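Me: I have a model open on my screen and would like to understand the terms used for it. Could you take me through them?

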Amino acid sequence: IEDLSSVGFVLLAGGTGSRMKANMPKQFMELNGIPVLHHSLDLFLNQLPSVCKANNLGNGPPIVVLVMDPMYQPEYQPIVDKYEGRLAFANPGVERQGSVENGVTKVAELAGGDCTYVAIHDSARPLVTIEEICNVVKDAKEYGAAVLGVPCKATIKESEDGSMVLRTIPRARLWEVHTPQVIEIEKLQRGFEKVEKEGLEVTDDVSIVEAMGESVKLTLGEYTNLKITTPEDMDVAMAILEDRKKEPVDLLA
């Protein structure tokens, strides 16, 4: 177990869910009796603090920032009120990067010097474990930036036109990255400036660190930390939760 008292958490739930063919964004769809998003909120606000306290490693994350579209925020205000001082809103940006920047800015504003690291997590990954989080945080503290990932199982082919195979990419060197991605706040803020100034395209958070020519540690995660993007993913996630015998949690209880 890792001391998380210097790590702020940013939970990205700003999406509007275009790929799910559902009438609501995926983070609000029900998984094992509660919205997908609540699995991560429970982990960050209840489970991590209790594990840290039980091991005399502080009180867990000092702040969790929920990046969420303002139209959904009133619905979540009672939860923010319940965890007063530990949970706050930030508004999404146009792209993921803007959402992350807004979230990180809010962490820095609310936690001040208490947080030297930020863990950025996608709310569409409800199955991440305490062990994975502690491992990636430990690596980030050692290397300045770390990301959970798993070696690629699939054979990956590249195509220029979406019709014919250009080449097969050697799988041995490929990793599929997950979240959380954990980065030193000061390093990430310098990265945001560089990305903005040079108009760089970045697809995830650690890409910003890579763009600065700095190293990122790959932390071996679990294949179960899947991202819910299709209705089938919900079935797989449900099976994993049943296997873990996970009881749904009411955040307002």
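Reply: Happy to! Let's begin with angles: axes are lines fitted to C-alpha atoms, and angles run from 0 to 180 degrees between N-to-C directions. Keep in mind that this is a predicted model. Helix H5 (residues 185-198) lies across E6 and E10, and its angle to E10 is about 105°.

Me: What makes E1 and E6 a pair of strands?

Reply: Two strands pair if DSSP finds at least two bridges between them. Strand E1 (residues 7-13) and strand E6 (residues 117-122) have six bridges, in the parallel sense, so they pair by that definition. Leu12, for instance, has Asp122 in E6 as its bridge partner.

Me: Which order do the strands of the open sheet follow?

Reply: The seven strands run E5-E4-E1-E6-E10-E7-E11, with mixed pairing. Strand E5 (87-90) and strand E11 (217-220) each have a single partner strand, so they stand at the edges, with one side lacking a neighbour in the sheet. From one strand to the next, the twist averages 30°. Helix H4 (residues 130-143) packs on the sheet and touches E1, E6, E7, E10 and E11.

Me: Why is Lys141 called partly exposed?

Reply: Lys141 is found in helix H4, and its relative accessible area is 27%. Buried means under 20% and exposed over 50%; Lys141, at 27%, lies in between, so partly exposed is the right term.

Me: Which residues does Lys141 touch, not counting those up to four places away in sequence?

Reply: Those are Glu2, Asp3, Ser6 and Tyr117. As for Leu41, 100 residues apart from Lys141 along the chain, the two C-alpha atoms are separated by 23 Å.

Notes. Residues numbered from 1 in each chain as written. Predicted model: local features only at pLDDT ≥ 70, side-chain atom pairs only at ≥ 80, totals over all residues. Heavy atoms only, no water. Helix = DSSP H or I, 4+ residues; strand = E, 2+ residues; numbered from the N terminus. Contact = heavy atoms within 4.5 Å. Buried < 20%, exposed > 50% of the residue type's maximum accessible area, 1.4 Å probe, protein only.
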